[in-house]
Amino acid sequence: RAVWRLVWCCERSHKAEEGAVRGTIEEKARAFQGSLTCFKKAKTFEAWLEHRWEPHVLLADGREVKPCVQALLQAPPERRPVLVVALQPNPTHAARTRDWADDLRWQGGGSVVVHVVGSVDALGALLDA
C-alpha cells in the first residue's frame, strides 16, 4: 500500500505518447512507496488539494507549475506538498523557470520551494533526499 502520492500535473499526462514518461514516473514513485495520480490542469489539482488531500509530491510541467504554486500559496500549510518539482526538459525554459522560482522565494513565496529538473531521471534523486 502506498503511503504518499506523486501528483503529476501536465496537460499531456494522459496521452499515449507520454506513456513511457508516465511509466517511469510511476516506477520512481513506487520505488519510494508512493503512487501516481495524474491531472491535466492546475485547476483539477487545486480541487483535489481542497477536497481530498494526503501527503504528496507535486511534479508539474512548465505550463502548469505556476498556477499550481499559486494554488499552494492559498492553501493551508498542512495541505502543501513535501516537495514541488518542475519538469522542464528544454534548457532555456528550465532557466526561465528557475528564475521565476528564485523570484518567488524572494517575493514572500518562500514557503513553497520549486526544484527544477530537466529529466524524469533527476526526480529519483530528489525523492531519495
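**Exercise 1. Place Ala125 in this predicted model and decide whether Ala125 is buried or exposed.**

Step 1. Find the element. Ala125 sits in helix α5, residues 121-128.

Step 2. Check the accessibility. The relative accessible area of Ala125 is 56%. The cut-off for exposed is over 50%, so Ala125 is exposed.

Step 3. Set a distance. Ala125 and Ala47 lie 78 residues apart in sequence. Their C-alpha atoms are 29 Å apart in space.

**Exercise 2. Which residues of α5 are buried, and what covers them?**

Step 1. List them. Leu123, Gly124 and Leu127 are buried in α5.

Step 2. Look down the helix axis. The buried residues of α5 fall within an arc of 105 degrees, so they line one face of the helix.

Step 3. Recall the helix geometry. An α-helix has 3.6 residues a turn, so residues three or four places apart point the same way.

Step 4. Turn to the face away from the buried side. Asp121 and Ala125 are the exposed residues carried there.

Step 5. Identify the cover. Over the buried residues of α5 lie, among others, β1 (4-9), α1 (19-31), β3 and β4 (83-87).

**Exercise 3. Describe the surroundings of Ala60 in β3.**

Step 1. Locate the residue. Ala60 belongs to strand β3, which spans residues 56-61.

Step 2. Classify it. Relative accessibility is 0% for Ala60, so this residue counts as buried.

Step 3. Collect the contacts beyond four places in sequence. Ala60 touches Cys9, Val65, Val85, Ala86 and Leu87.

Step 4. Set a distance. Leu6 is 54 residues from Ala60 along the chain, with 10 Å between the C-alpha atoms.

**Exercise 4. Which residues does Glu54 contact, leaving aside neighbours within four places in sequence?**

Step 1. Locate Glu54. The residue lies in the loop between α2 (42-51) and β3.

Step 2. Name the partners. Glu54 is in contact with Arg5 and Trp48.

Step 3. Examine the side chains. Those of Glu54 and Arg5 are joined by a polar contact of 3.1 Å.

**Exercise 5. How many aromatic pairs does the whole structure hold, and how is the pair of Phe39 and Trp48 arranged?**

Step 1. Count. The search of the whole structure gives 2 aromatic pairs.

Step 2. Take the geometry. The ring centres of Phe39 and Trp48 are 6.2 Å apart, and the planes meet at 50 degrees. The pair is therefore tilted.

Step 3. Check burial. Phe39 is buried at 11% relative accessibility. Trp48 is buried too, at 8%.

Step 4. Join the rings. Phe39, Phe45 and Trp48 form a cluster linked by ring pairs.

Methods: Residues numbered from 1 in each chain as written. Predicted model: local features only at pLDDT ≥ 70, side-chain atom pairs only at ≥ 80, totals over all residues. Heavy atoms only, no water. Helix = DSSP H or I, 4+ residues; strand = E, 2+ residues; numbered from the N terminus. Buried < 20%, exposed > 50% of the residue type's maximum accessible area, 1.4 Å probe, protein only. Contact = heavy atoms within 4.5 Å. Polar contact = N/O pair within 3.5 Å; in protein donor to acceptor, adjacent residues only side chain to side chain. Arc of directions from axis to C-beta. Phe/Tyr/Trp six-rings, centres within 6.5 Å; stacked < 30°, edge-to-face > 60°.
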